[in-house]
Amino acid sequence: MNESARAFHIPSRLNATTPIELQGLERDDVKLMVLNRETGKCDHSTFKRLPDFLDEGDVLVLNNSRTLPASLKGKQGNRNVEIRLSRRRAKNTWEALVLGDFHQAGEHIEFPQGVTGRVKGEGSERPLIQLEFNRSGSELMDFIFKYGEPVRYEYIHDPWPLDYYQNVYGSVPGSVEMASAGRAFTWRLLQDLKDKGVGIGFIQLHAGLSYYGSDQWPHPRNHPEDYVVGSEAVNEILRAKNRGKRLIAVGTTVVRALETVMTAYGQLQPAEGITDLYISGDTPLRIVDGLITGLHEPEASHLDLLKAFISEERLKDAYQTALDKNYKWHEFGDMNLIL
């Protein structure tokens, strides 16, 4: 995957390791690279200037999934293990990644408060497994919020609280990683967009793990995610489309959900289900016109999805520009608007 994109390397100094709020700034003070998908032209601004690049009547669609503290610490015998939840399969069963010294498939994993987990099979792709808990429903969710921590990768050195991994508008718990394209939005910026006449709609896609460790990334076809596209968002989108205005997705999760509905039904309508849609440069976009996203690693399937919006050559040129101009990568980093 992304063989041709592997030419670029992200130096460690460009890993965003600290939330921008802790640097005395606001979330919408991050940089914004505005990329013209037809010409490849790049403009550079700050995210709080986003309304300058949108037109009255355009509609932004955001993912209102809220982040879970999906990293759980447990023990198997005298061995410490870390469980990273990926996707809920049933009231008491999750697909998960097991990290640690070693784990035995038939031996229970013990957590605080008498909670245990049992490996009951393989997940949707290796190295994911299915983990069955002895708690279910709201009781299990209460345990996760009480004892879990945000999933944190090696470029984040400090254990930031869960609030830093939430979008301000996130309302439905379910994602194990933040739908980070929306992180730079503030309530003030959302109001500025509404004042300009930009429509705002919300859908939901609960994001799974984006990285398994040891240079292993999920493949979208083996990485199902639950989505809900409601009638309010559909009506907002159709009003914009009927007036010849643009639909800008906030994040690859929104693109995946909306294009899944279009692929399944041939039109935009309220729908919910599970998507395994893989979007790449060969995928025709049926509904989405533009994208707000972060900056992605060369190995990530998210970068493949961007090629559905813009040619690989122009994308590589833009990413080289981002490297040259010291844009920051990852969930606390800078943003990219493709129009």
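In this predicted model, Gln 113 is an exposed residue, its relative accessible area being 57%, which is over the 50% cut-off for that class. Gln 113 sits in the loop that joins β8 (109-110) to β9. The backbone here deserves a look too, since phi of Gln 113 is near 60°, a positive value in a residue that is not glycine. Most residues other than glycine have a negative phi, and most peptide bonds are trans.

Asn 326 also has a positive phi near 60° without being glycine. This residue belongs to the loop between α6 and β17 (335-338). With a relative accessibility of 35%, Asn 326 is classed as partly exposed, because that class covers the values between 20% and 50%. A further backbone feature is the cis peptide bond leading from Arg 126 to Pro 127, where omega is near 10°. Pro 127 is located in the loop between β9 (116-122) and β10 (129-133).

Stepping back to the whole chain, the secondary structure consists of six helices and 17 strands. The radius of gyration is 20 Å, close to the 20 Å expected from the globule rule for 339 residues, so the protein is as compact as a globular protein of that length. Measured out along the principal axes, the C-alpha trace spans about 60 × 45 × 40 Å. Of the contacts with a separation of 6 or more, 72% are between residues 24 or more positions apart.

The surface and interior can be described in a similar way. Buried residues account for 53% of the 339 residues. The protein exposes about 14,900 Å², and 44% of this area is supplied by carbon and sulfur atoms. As for charge, there are 40 positive and 47 negative charges, and their mean positions lie 1 Å apart.

In soluble globular proteins, nonpolar side chains tend to be buried together. Here the largest nonpolar core holds 45 residues, among which Leu 258 and Trp 329 touch the most other members. Helix α4 (residues 252-265) provides the largest share of this core, namely six residues. A second, separate core is made of 34 residues, including Ala 16, Ala 70, Leu 140 and Leu 209.

The surroundings of Trp 329 can be followed residue by residue. Once neighbours within four places in sequence are set aside, Trp 329 is in contact with Phe 8, Ile 10, Leu 14, Asn 15 and Ala 16, among others. The contacts of Trp 329 also include Leu 295, His 296 and Glu 297, as well as Tyr 319, Ala 322 and Leu 323. Ala 16, a contact of Trp 329, is itself listed in the second core.

Two helical residues round off the picture. Asp 317 is part of helix α6 (residues 312-324) and is partly exposed, at a relative accessible area of 48%. Although Asp 317 and Thr 39 are 278 residues apart along the chain, their C-alpha atoms are separated by 11 Å. Ser 301 is placed in helix α5 (residues 301-306). This serine is buried, because its relative accessible area of 15% is under the 20% cut-off. Between the C-alpha atoms of Ser 301 and Ala 264 the separation is 21 Å, and the two residues are 37 residues apart along the chain.

Definitions and conventions. Residues are numbered from 1 along each chain as its sequence is written. This is a predicted model: local features need pLDDT of at least 70, side-chain atom pairs count only at pLDDT 80 or more; totals for chains, interfaces and linings use all residues. Side-chain values use heavy atoms; hydrogens and water are left out. A nonpolar core is a set of buried Ala, Val, Leu, Ile, Met, Phe, Trp, Tyr and Cys residues joined through side-chain atoms within 4.5 Å. Buried means under 20% relative accessible area, exposed over 50%, partly exposed in between (1.4 Å probe, protein chains only). Helices (H or I, at least four residues) and strands (E, at least two) are DSSP runs, numbered from the N terminus. Contact means heavy atoms within 4.5 Å. The radius of gyration is taken over C-alpha atoms; the globule rule is 2.2 Å times the number of residues to the power 0.38. Accessible areas come from the Shrake-Rupley method with a 1.4 Å probe; for residues, only the protein chains shown count as cover. Lys and Arg count as positive and Asp and Glu as negative; His and the chain ends are not counted. The place of a charge is taken as NZ of Lys, CZ of Arg, CG of Asp or CD of Glu.
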